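Got a few minutes for some structure reading? Have a look at the chain below, then try the exercises before peeking at the solutions.

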Amino acid sequence: MRRVLRRQRMTSPIYLDLDTLEMVEENEDPNAPLGLPRQHNFGHLLCTGGSGGFGNPHFLGQNNRSPKFATRGYEGEWKSFSLELKLLADVGLVGMPNAGKSTLLRSLTAGRAKTEIAGYAFTTLNPVVAVVRVADDGSFEGEDQQIAHDETWAEEMREKEMMENGEFAFATTRNQKVPSNTLDDATLSKSLESFRFTVADNPGLIEHASENVGLGHSFLRSIERSPVLAYVVDLSSDAPWDDLRVLKQELEAYKPGMSPKARLVLANKADLLGGDGHDPLAVQTAKEKLAKLEAFVEKEMVVHQMDAEGTIEGQSTLTVVPISAKYNLNIRKVVGMLKGFVEEARVEKAEEVALAIAERAEAKLQIEEEEFAQSLRPRI
């Protein structure tokens, strides 16, 4: 019986499709086990396993009631494959090196994202994905934190000092910061998490990254699958608009139609402009620089909205939001806008999947009708 089952498995190998997204109909169980034999070939057989040997029950006979030996099987094929996993996040942060993307991710996640922060470029060499939790009232977890996100070495020294002083022994946890008995039911319901989305801190891009300069292709591939992109620029630099121009050009050069995914321009490090606020000349210079950046975005960063066939339906401009990721300034507005963009992207994705399922069902019905009509024709 085992030999028969072994032959059946060899005649019907298992094929796994690792490249194409399979549309699951509503009446099918999406939690069905993976790797089941399929009637049609949806993929490629990478390696063939070797045939198994005979165990000691195979040699059981009248003269040997307790065989103590078995035979070894044959080895299967040995191959080496290079598999690439493209990280998928709802929002992808795109910016030049040292623009403050890692600090922004820590600010959005209340410091849970363990990103590397330093004063030099290319501190992030691998993408980091974190979750942003939003409540009904628009607040997000970590909004009320009063700490400044410093460089990684400084935070590690501060945590080590707190550990040695025993300050963590009486520190409150995330769920103990706001006692539930001090809030009424309405306030408590609004403060509960109602929406979450993921944000990816991608390594910084440089000019000619689309030509694989500075590991550009490996960095751009991690951005490719994010439905929403947000540009992060250093507002304290000499010409942040030039950085925006380079970022848009590199996205389009790598994959045409990728730059329209951008919805937002985050002008980070706004706290470094204007001095302490008491110098009118410094404040006026900061306002003029922000106004110049907004004018450039309105003129040069126009996003064309296209339908499924590639026809331009309209156009929109990106919104410039000045922020300070280090001191958590204006982050709540960013979270609210990103939440709206992610909701729109998810609705569009659901509509695309529903349309694909409907087209698949229509094609299946048409094939069945043709087969039925073929069966009714008289045979000669």
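Here are four exercises on this predicted model, each with a worked solution.

**Exercise 1.** Find the residues that touch the most other members of the largest nonpolar core, and work out which elements supply this core.

*Solution.* Start with the core itself: it has 30 residues, and V91, L104, F197, V199, L264 and L266 touch the most other members. Next, look at where the members come from. At least two residues each are supplied by the strands β1 (91–95), β2 (128–135), β3 (193–201), β4 (228–234) and β5 (262–268), and by the helices α2 (101–108) and α8 (331–376). Of these, α8 gives the most, with 8 residues. Now zoom in on V199: leaving out residues up to four places away in sequence, V199 touches A89, V91, L93, L105, L108, V128, V129, A130 and V132. Don't stop there, though: a second, separate core has 28 residues, including L205, A267, L293 and V320.

**Exercise 2.** Is α2 largely enclosed by the rest of the structure or largely open?

*Solution.* Go through the helix residue by residue, taking under 20% relative accessible area as buried. K101, S102, T103, L104, L105, R106, S107 and L108 are buried. That's 8 of the 8 residues, so α2 is largely enclosed by the rest of the structure. Then check what comes after the helix: A110 follows α2, and its phi is positive, near 60°.

**Exercise 3.** Describe how α6 and α7 pack, and which residues make the contact.

*Solution.* Two packed helices are described by the angle between their axes and the distance between the axes. For α6 (residues 240–254) and α7 (residues 280–300), the angle is about 25° and the axes are 9 Å apart. Angles under 35 degrees count as roughly parallel, so α6 is roughly parallel to α7. The crossing is right-handed. On the α6 side, the contact is made by P240, W241, L244, R245 and K248; on the α7 side, by K289, K292, L293, F296, V297 and E300. Sort the contact by class and you get 6 nonpolar, no polar and 5 charged residues.

**Exercise 4.** Place V303: which strand holds this residue, and is V303 buried or exposed?

*Solution.* First the strand: V303 sits in β6 (residues 302–306). Then the accessibility: V303 has a relative accessible area of 10%, so V303 is buried. Finally, try a distance. P260 is 43 residues from V303 along the chain, yet their C-alpha atoms are separated by 5.3 Å.

Technical notes: Residues numbered from 1 in each chain as written. Predicted model: local features only at pLDDT ≥ 70, side-chain atom pairs only at ≥ 80, totals over all residues. Heavy atoms only, no water. Core = buried A, V, L, I, M, F, W, Y, C linked by side-chain atoms within 4.5 Å. Buried < 20%, exposed > 50% of the residue type's maximum accessible area, 1.4 Å probe, protein only. Helix = DSSP H or I, 4+ residues; strand = E, 2+ residues; numbered from the N terminus. Contact = heavy atoms within 4.5 Å. Axes fitted to C-alpha atoms, helices over the stretch in contact; angles between N-to-C directions. Parallel < 35°, antiparallel > 145°, perpendicular 65-115°, else oblique. Left-handed = near helix turned anticlockwise from the far one by under 90°. Nonpolar A, V, L, I, M, F, W, Y, C, P; charged D, E, K, R; others polar.
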